[in-house]
Each structure stands twice: as structure tokens, then as C-alpha cells.
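Thank you for sending this model for comment. The points below are set out by region and by type of feature, and each can be checked against the coordinates.

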Amino acid sequence: MMMKMKSVHRIQSVLLSAVLLMSSWCVQGLRVDVLPRRPLFRLGERHQLVCRVQDCPTMPSVSWSLLGDRPLTASVSTNRTQSVVTFDPVMMEHEGALLCKVSCGGETRQSRTSVRVYSFPSAPLISGQDHLKLGVESTLTCQVSDPYPAELLTLTWLRGDTVLQSIVGDPGSSSVRSEYTFTPEDQDSGSTISCRSTLDLQDLPAEDRTRQTSVSLNLLYAPVVTATPDSVLVMAGSLLNLTCSAEGNPEPDVTWSFRTADGRSEGRGRGRQLVVTAVSLSDDGRYECEARNSEGSQTAAVVITVHAPPTNTSLQVNPGEEVLEGQQVTFTCRSEGAPPTTLVLRREEVELQRTDPASSSSSLSFSLSSARLEDSAHYQCEASNQYGSQLVTSSVTVTAHPLQVDVRPLVSAAERGSALVFTCRASGCLHPPTLTWRRTDHNQTVHNQTVHNQTVHNQTVLQRTQQQDGVSLLHLQDVDLEDQGGYSCEAECDSVIRTKDAQIHVYSFPSDPVLEDPGPVLLGQEVVLRCDVSDVFSANQMRVDWLSVNRTLMSEVFRFSGSIQNVSSVLRHQVEEEQVLSCRVHLLTEDGGVRRSRTTSVHLHVHYPPRSTSLQVSPGEEVLEGQQVTFTCRSEGAPPTTLVLRREGVELQRTDPASSSSSLSLSLSSARLEDSAHYQCEASNQYGSQLVTSSVTVTAPPRNTTVLVLPSAVVQEGQNVTVCCQTISFPPSAVILKKLTNGTELYSTNGTFLLVNVTARDSGLYQVNVTNNLGYQVKVFSISVRERSTSLPASLSVAIIPAVCVAAGLAAAALLLDYLRRSRKKGFYQLPQSAPPSA
């Protein structure tokens with residue numbers, strides 16, 4: 001029994017230890033989490049928060065609470081592992097901090113979260129796009145209702161990808177509204193504008209963050225008539241179809257009206273087309289097309305012209321078709337037509353009169369104040385317009401009277417200051433006729449007339465005579481401009497009057513034209529010449545011709561206003577070579593012929609800068625030393641150029657300024673090597689200069705060749721022998737050293753040969769051959785090699801030989817450099833490259 005009790009007690013101790021251990025482990029590991037961790041709920045929707053309990057072996061005690069002792073208007077359900085709070089629907093009061101408190105086994109854990117709510121119920125609403133007026137400032141409105149939080153909502157106006165303006169909502173507002181003001185233009189019609197609303201709320205999905213609304217702009221504008229003819233030409237009886245095209249928003253209504261002659265407006269129809277099936281003359285006039293809508297109206301006019309060919313054409317002759325000479329005859333021509341016809345009255349196809357095109361007269365009258373024999377003819381009245389013509393004819397016969405009158409001369413050209421006589425002769429009258437001279441073109445008094453003046457029938461009577469022979473002379477002395485004009489001689493016999501007209505053309509051309517010499521002028525430049533004509537007058541035109549020999553450069557025509565004038569003509573001429581320019585003045589007749597002509601000429605002295613400059617070298621640019629060389633420098637210029645010949649910039653010779661020579665010659669009687677150089681010929685005058693260059697090269701075969709053997713021509717075995725060769729030549733010469741006994745040849749690039757450690761075999765005759773393409777020179781010398789004996793120390797010999805050779809080389813080089821300096825290195829001495837010399 002005791003054992004059994006101990007065993008039970010042991011079991012109870014183990015269970016108590018296990019329970020305590022589990023309780024300690026549960027309290028230490030209790031965890032509480034609220035999910036989602038960052039709750040963001042949309043107002044009006046159903047959402048849940050879960051408070052998850054982990055590592056609690058017993059049924060936990062869970063409570064939810066809002067901070068600030070606010071009531072929790074939500075349902076809660078709890079089990080062993082979690083507690084769920086359900087917001088259905090989510091409301092504004094649910095926003096804020098929410099605490100989940102869990103108790104497990106005497107221990108408490110809590111988790112806090114912050115609930116955020118938002119509202120974005122609809123896309124932006126745009127208004128005002130249907131009431132836009134073209135060119136009038138307009139406002140579009142974009143609005144989002146019931147957003148939350150409003151201060152995080154941005155409204156942006158866009159056109160394409162271009163941002164027009166943006167605003168942000170105010171905190172606590174129930175809606176966000178943006179207005180965009182602009183002035184619509186033509187290109188805005190039908191275009192799209194967008195309003196984008198963006199709720200900038202953290203954790204809000206991108207697809208829920210932005211909403212956009214786009215609308216097309218509808219521009220209202222008054223009607224514009226875009227196509228209607230200005231005028232329509234239609235034949236009577238044909239179909240008339242008029243179209244009026246108009247644009248506008250809203251679509252305009254089109255009405256037609258007709259404007260009567262008294263200004264009243266008569267309605268003719270509605271719609272874009274007006275059709276008249278058979279046009280009559282009463283339809284001729286102005287039609288108006290009016291396009292109207294709520295925004296305004298516009299009117300366009302069409303002028304309808306109804307045409308018809310001529311009809312009812314007639315020709316009346318009064319007093320009749322047979323008349324006596326001297327009687328007055330009146331012709332009346334009438335016709336109907338639309339447009340008004342052009343009436344033409346002709347005599348034997350020659351036009352006598354026609355209606356003025358600007359008038360709308362339907363009749364034409366023409367009178368013969370005194371019928372003449374030549375008025376007997378067929379007269380035609382022709383009425384015409386573009387649609388046709390109608391012709392009527394009437395024959396008139398004039399009974400002749402034998403009276404005849406003749407005036408000589410009929411047309412006379414008189415120079416101012418001269419005298420003139422007109423002769424009037426009447427015939428066919430049985431008694432002395434009355435002869436009357438009149439001025440026919442004005443009522444002024446004739447200068448130096450022989451009788452007193454009277455004014456008759458609007459003409460100035462100069463003299464009246466009644467001679468038995470029927471002849472009257474009109475003498476005009478010292479004719480002046482006022483005498484110019486028309487004259488008539490009237491012969492009256494038996495109430496029949498015969499008249500003959502004459503004309504005087506007075507001209508003045510007392511002296512030759514004056515043409516001033518412009519002096520020297522530069523070739524290629526423009527010269528201005530003026531031709532003055534003094535005290536000149538002509539009833540017709542005067543022509544001034546500018547001539548170069550027989551070539552016309554310019555012609556100018558002058559007219560006269562009725563008085564003597566001084567006339568000037570200006571020629572702007574591009575100067576060419578030496579030439580003679582003439583100003584020839586013609587007084588022209590009425591038919592374009594020449595009445596009088598005078599000419600004045602001037603010789604142009606043309607100057608120009610040097611040209612065609614040349615430098616000739618004879619016999620050529622490459623000459624032999626000793627040849628004669630002639631340089632000839634030539635150039636053209638006006639005034640004559642100064643010629644200067646230079647060698648390498650140093651003047652050799654120039655022409656005398658007092659001479660007018662166009663060439664300069666210089667001769668070198670015997671060319672030398674130092675004459676090789678650049679020669680320049682420069683020509684100059686005050687207008688410029690020209691320079692030409694020629695290079696001259698003087699060549700020579702080898703000469704003055706010298707050979708120097710160092711230390712001497714007799715040496716001991718083992719010594720070194722140096723052979724130095726100098727020569728004068730151009731082109732440079734090739735130098736070859738040849739031993740005559742065995743033919744061995746050595747080539748040198750500088751004219752120096754070195755024989756090293758000579759032996760007795762090196763004794764003998766040697767030949768130096770100096771050659772260029774013009775010739776050669778040969779020098780023969782001997783070298784004698786003896787057996788070694790006491791001599792200077794080797795080092796001393798080595799020093800003396802180069803020193804002597806160098807001295808000889810320096811002397812030759814000095815001579816060569818002198819030539820080079822004079823010829824600017826034209827004669828540079830260079831031996832040909834060859835194999836190196838050997839002993």
C-alpha cells in the first residue's frame with residue numbers, strides 16, 4: 001500500500017513538472033500577428049483583419065479595440081489560433097490604429113496595426129466640351145466626386161503626352177475639381193483632350209491608382225460660305241443650277257433670295273441648291289445665299305447675267321437715201337440684245353462710228369453736216385455681241401456739185417523761225433468763189449499772220465478773200481510753236497462748201513547734241529555718259545540712239561508736252577576696248593521716219609591693269625656656260641606699264657618711266673654657273689601689277705679638275721694614302737679612280753679615296769675620271785710605295801694626312817659654296833652613290 005501511494009505521488013510529481021514545463025514554454029513562445037500588416041481598405045467594400053495567435057496551448061482570450069475609446073463597429077469571430085474582425089462595409093470610422101490583445105496562460109501579448117481607408121469611386125467627369133466657340137475663350141471642367149483622401153488626389157489635363165496643367169485636392173473636400181481655360185482654334189476641332197486623376201496613396205495597386213477620361217472637342221462656329229460662284233453667265237431659256245456650300249457647327253440652314261432693281265429682296269428657295277429650269281431676262285440680277293445657325297450667319301452673292309443674241313436691227317437715213325451735196329444726212333442704227341449689243345456704222349466696210357463699250361445704249365446716231373460726193377456709198381449697221389451678230393444695209397446717193405478745192409502743201413514740216421506759204425485753189429465755180437482760211441485745232445491767234453482774225457464756227461478765221469482766179473495764199477513768217485497744227489481752206493460757191501485741210505509740224509533742233517568726254521576710263525568698269533540736246537521740240541517723238549560704231553547700245557524715246565525742252569539721255573556702259581561712242585538724235589515723223597538727225601561722238605580712252613605679261617628666255621631656260629642669254633619682258637597695259645626685271649628679287653633693269661615701251665630686254669653675253677637663278681618680270685601701273693617667273697639653269701662640263709695625293713705621292717709600306725679630287729661642273733660629275741696597271745676602279749661619293757696600309761703592289765699609275773653628261777676630264781698621277789723606314793710616328797701621320805686633306809677639302813668646299821651661294825644651290829656638287837672604296 002505504501003509502495004502504491006509512493007508510485008502515485010511520483011506520477012503526480014512528474015505530471016506537475018511537465019505541466020509547469022509546458023506552461024513555461026508556452027508563455028515564453030506566445031506570438032501575435034495582425035494580417036494584413038498594412039491594411040488599406042476601400043470604403044463601402046467588405047474587408048477582414050486577422051489576428052493570428054501562435055504557440056498558445058490553451059484557448060486564448062482575444063480582444064479588439066480602437067484607440068481613443070472609439071467603438072468598434074465590426075463583427076469578431078475567434079477560435080484557438082486566430083481572431084477575425086470583419087468590416088462590412090468599410091466606413092470612415094474604421095480608419096486609425098487598431099489593437100489586438102491576446103491572453104494565454106496568464107501571459108498577454110498585443111499587436112497594433114493602422115487601418116487606412118480610401119475612396120476612388122469613379123473616373124474623372126469632363127464637361128463643357130460641347131459648347132466651345134471658335135476664337136472665344138472657353139473653360140473645360142474636370143471633376144472627381146467622393147474621393148478620399150482628397151488631398152492625395154491629383155487632376156492633370158493632357159493633350160496627347162503634353163501636360164497642360166495639374167492641381168491637387170484640398171483636405172476634407174467631397175470632390176476635386178479642375179478648370180482648364182483656353183481659346184479654341186481651327187485645329188482644335190475634333191481633337192482629343194484628357195483629364196487624368198491619380199490617387200497618390202502608398203500600397204494602392206497601380207491599376208487602381210490612376211483613372212483617365214478623354215473627350216473630343218466640339219467647336220461651335222458661325223457659318224462660313226466656302227464655295228459659291230461670284231457670277232454666272234446663262235443664255236435665256238437654259239437651265240440655271242446654283243450651289244452654295246457652307247460650313248458651320250451646328251450645321252447651317254441655307255436660304256436663297258433675289259435682289260430686285262429697286263433694292264427689294266424676294267425669297268427664291270431653301271437648301272444648298274437653287275434650280276431655275278428656264279431662265280428669262282427677268283431672272284437677270286443679284287442672288288444672295290445666306291447660311292445661318294445658332295452662332296451667326298454669312299451671306300454670299302451671285303450675279304446672274306442672262307444673255308441673248310442681237311435682234312430687230314434697223315438703219316434709218318434722214319432725209320432719205322438720195323440727197324444733194326451739202327445737205328446734212330443723219331444715220332440712226334438700232335438693235336436689241338443682251339448684253340447690250342455693240343453697234344457699228346460702216347461706209348463701204350470702213351468703220352465710221354461705234355457705240356462706247358461702257359455704255360448700254362441700244363442706238364447709234366451719226367451725222368454728215370454737209371454731204372459730199374464721196375459720201376455716196378453703201379452704209380451698214382451691224383449689231384453684235386458674243387452670241388451673234390445682225391447686219392442691215394442702206395444705200396445713199398449724193399448728187400454732185402462741180403466745186404472743187406485743193407491745198408498745197410497738205411502737210412508741211414517747218415523749222416522754227418522759217419517762213420511758209422499755203423496755196424488754196426478753187427475750181428468748178430462759174431463766179432469768183434469765197435475762200436476762207438481757218439485754224440482747225442484751236443482758237444488761238446496765229447503768229448505773224450497777214451490779216452486780222454475772226455472766230456467763226458468755233459474756228460479761228462485767218463483770212464477771207466474772193467479772187468477772180470480762185471486762188472488764196474496764206475503766208476506765215478518766222479514760224480513758231482504756236483503756229484503748229486491744222487489749217488483748212490474753205491471754198492463756198494452757190495451755197496456749196498468745199499473744204500481742204502492742211503497740217504503744219506513745227507520743230508526745233510538748232511544745234512548738235514553735247515556729249516562730254518569722260519576722260520580715262522577703266523576697262524570693265526561702268527562709265528556714265530550724258531548726251532544733252534538743247535532747245536529741241538518736235539510734234540512727234542524724238543529718239544536718242546547710243547552707238548558703238550554701227551552697233552546700237554541703247555535707244556531712248558522722248559515725247560514733248562508742247563514747249564521747247566532741254567533733253568538729256570544717260571548711258572551706263574560697261575567699258576570694253578578702245579572704242580568710239582556716238583549719241584545720234586533723230587526727230588521722227590508721224591509714221592516713224594526721220595525728219596532731222598544730228599550726231600556727236602566721243603573717243604573713250606580705256607585704261608586697264610597689266611595683262612598678258614610674259615618673260616621669254618632665249619635660247620631657252622637651260623643654257624651652256626658661256627652662251628649668250630637674252631631675257632625679254634613684255635606686257636600690255638594702259639597707261640603703259642613699268643617693266644622691272646629681277647634675279648632672285650634683286651632688280652637688274654627697268655623701263656624708263658618717260659617711255660611708252662611695252663617690252664624690256666636684258667642680255668648676258670656669257671652665261672656663268674652663278675647665273676642659274678629665278679628671274680621675275682613684273683609689270684605695273686596705277687591699276688595693278690602682274691608678275692611672271694622663269695628659272696634659268698646654266699650647265700658646264702667638268703673643268704679645273706685637280707688631284708691631291710696625301711701625305712705625298714711617295715710613301716712607305718703600311719701607310720694610308722688619301723686621294724682628293726676637286727672639279728667645277730653642272731650637273732654634278734661622277735668621280736672614278738682607276739689603277740691603270742690592273743684596271744681596278746674605285747667610286748667615291750665625295751671625291752676622296754682612301755688607300756689603307758699600302759704595299760709595294762699599290763705602286764703605279766692612277767687615273768681620275770670626272771664625267772657628267774656634257775663632258776669629262778681625266779687626270780693621271782703615280783704613287784710610289786717604298787719599304788718601311790724610320791718615319792714620323794704613326795699617330796702623327798694619321799693626324800697630318802686628314803688635316804691636310806680636310807684643309808684641301810675646305811678650300812674646295814669654299815670655292816664650291818661660293819658658286820652655290822650665287823646660284824642658290826642650282827650647281828650643288830654631288831657625286832654619284834657607288835660601292836664604298838677599298839684598298
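1. Thr 156, the starting point of this note, sits in strand E12, and the structure is a predicted model, so the values below are computed from predicted coordinates. With a relative accessible area of 11%, Thr 156 is buried, because the limit for that class is under 20%. Its side chain and that of Ser 166 are joined by a polar contact of 3.1 Å. When neighbours within four places in sequence are set aside, the residues in contact with Thr 156 are Val 163, Gln 165, Ser 166, Ser 194, Cys 195 and Arg 196.

2. Strand E12 (153-159) also bounds a loop that deserves attention, since the loop between strand E11 (138-145) and strand E12 holds Pro 149. The peptide bond leading from Tyr 148 into Pro 149 is cis, and its omega is near -10 degrees. A second cis bond runs from Arg 408 to Pro 409, again with omega near -10 degrees; Pro 409 belongs to the loop between strand E33 (404-408) and strand E34 (411-415). Most peptide bonds are trans, which is the reason for listing these bonds here.

3. Two residues call for a look at their backbone angles. Asp 535, although not a glycine, has a positive phi of about 50 degrees; this residue is placed in strand E44 (residues 526-536) and is partly exposed, its relative accessible area being 40%. Asn 704, also not a glycine, has a positive phi of about 55 degrees and is found in strand E57 (residues 688-710). Most residues other than glycine have a negative phi, so such angles are worth inspecting in the model.

4. Is Tyr 679 buried or exposed? Tyr 679, in strand E56 (residues 677-685), has a relative accessible area of 0% and is therefore buried. The side chain of this tyrosine makes a polar contact of 3.3 Å with the side chain of Arg 647, while a polar atom of the same side chain lies 2.8 Å from the backbone oxygen of Asp 675. Beyond the neighbours within four places in sequence, Tyr 679 is in contact with a set of residues that includes Leu 615, Phe 631, Leu 652, Leu 668 and Val 692, as well as Arg 646 and Arg 647. Ser 694 is another of these contacts, and although Tyr 679 and Ser 694 are 15 residues apart along the chain, their C-alpha atoms are separated by 5.3 Å.

5. A search of the whole structure returns 37 salt bridges. One of them joins the side chains of Asp 203 and Arg 38, with an N to O distance of 2.6 Å. This pair links distant parts of the chain, the two residues being 165 residues apart: Asp 203 lies in the loop between strand E15 (192-199) and helix H2 (206-209), and Arg 38 in the loop between strand E1 (31-35) and strand E2 (40-42). Both partners count as partly exposed, Asp 203 with a relative accessible area of 40% and Arg 38 with 46% relative accessibility.

6. Another salt bridge pairs Arg 543 with Asp 545, whose closest N and O atoms are 3.1 Å apart. The partners fall into separate accessibility classes, because Arg 543 is partly exposed at 24%, whereas Asp 545 is buried at 8%. In the salt bridge between Glu 651 and Arg 654, the closest N and O atoms are 3.0 Å apart; here Glu 651 is partly exposed at 39%, and Arg 654 is likewise partly exposed at 41%. Elsewhere, salt bridges that share partners join Asp 262, Arg 264, Glu 266, Arg 268 and Asp 283 into one network.

7. Which residues form the nonpolar patch on the surface? The patch consists of Leu 740, Leu 765, Tyr 776, Val 778 and Val 780, which together have about 460 Å² of accessible area. Strand E64 (residues 775-786) gives the most to the patch, with 3 residues. Leu 740 comes from the loop between strand E60 (734-739) and strand E61 (745-748), and this leucine is partly exposed, with a relative accessible area of 38%.

Definitions and conventions
Residues numbered from 1 in each chain as written. Predicted model: local features only at pLDDT ≥ 70, side-chain atom pairs only at ≥ 80, totals over all residues. Heavy atoms only, no water. Salt bridge = Lys/Arg side-chain N within 4 Å of Asp/Glu carboxyl O. Helix = DSSP H or I, 4+ residues; strand = E, 2+ residues; numbered from the N terminus. Buried < 20%, exposed > 50% of the residue type's maximum accessible area, 1.4 Å probe, protein only. Patch = residues over 30% accessible without salt bridge, like charges linked within 9 Å, V, L, I, M, F, W, Y side chains within 5 Å. Areas by Shrake-Rupley, 256 points an atom, 1.4 Å probe, with all protein chains shown as cover. Contact = heavy atoms within 4.5 Å. Polar contact = N/O pair within 3.5 Å; in protein donor to acceptor, adjacent residues only side chain to side chain.
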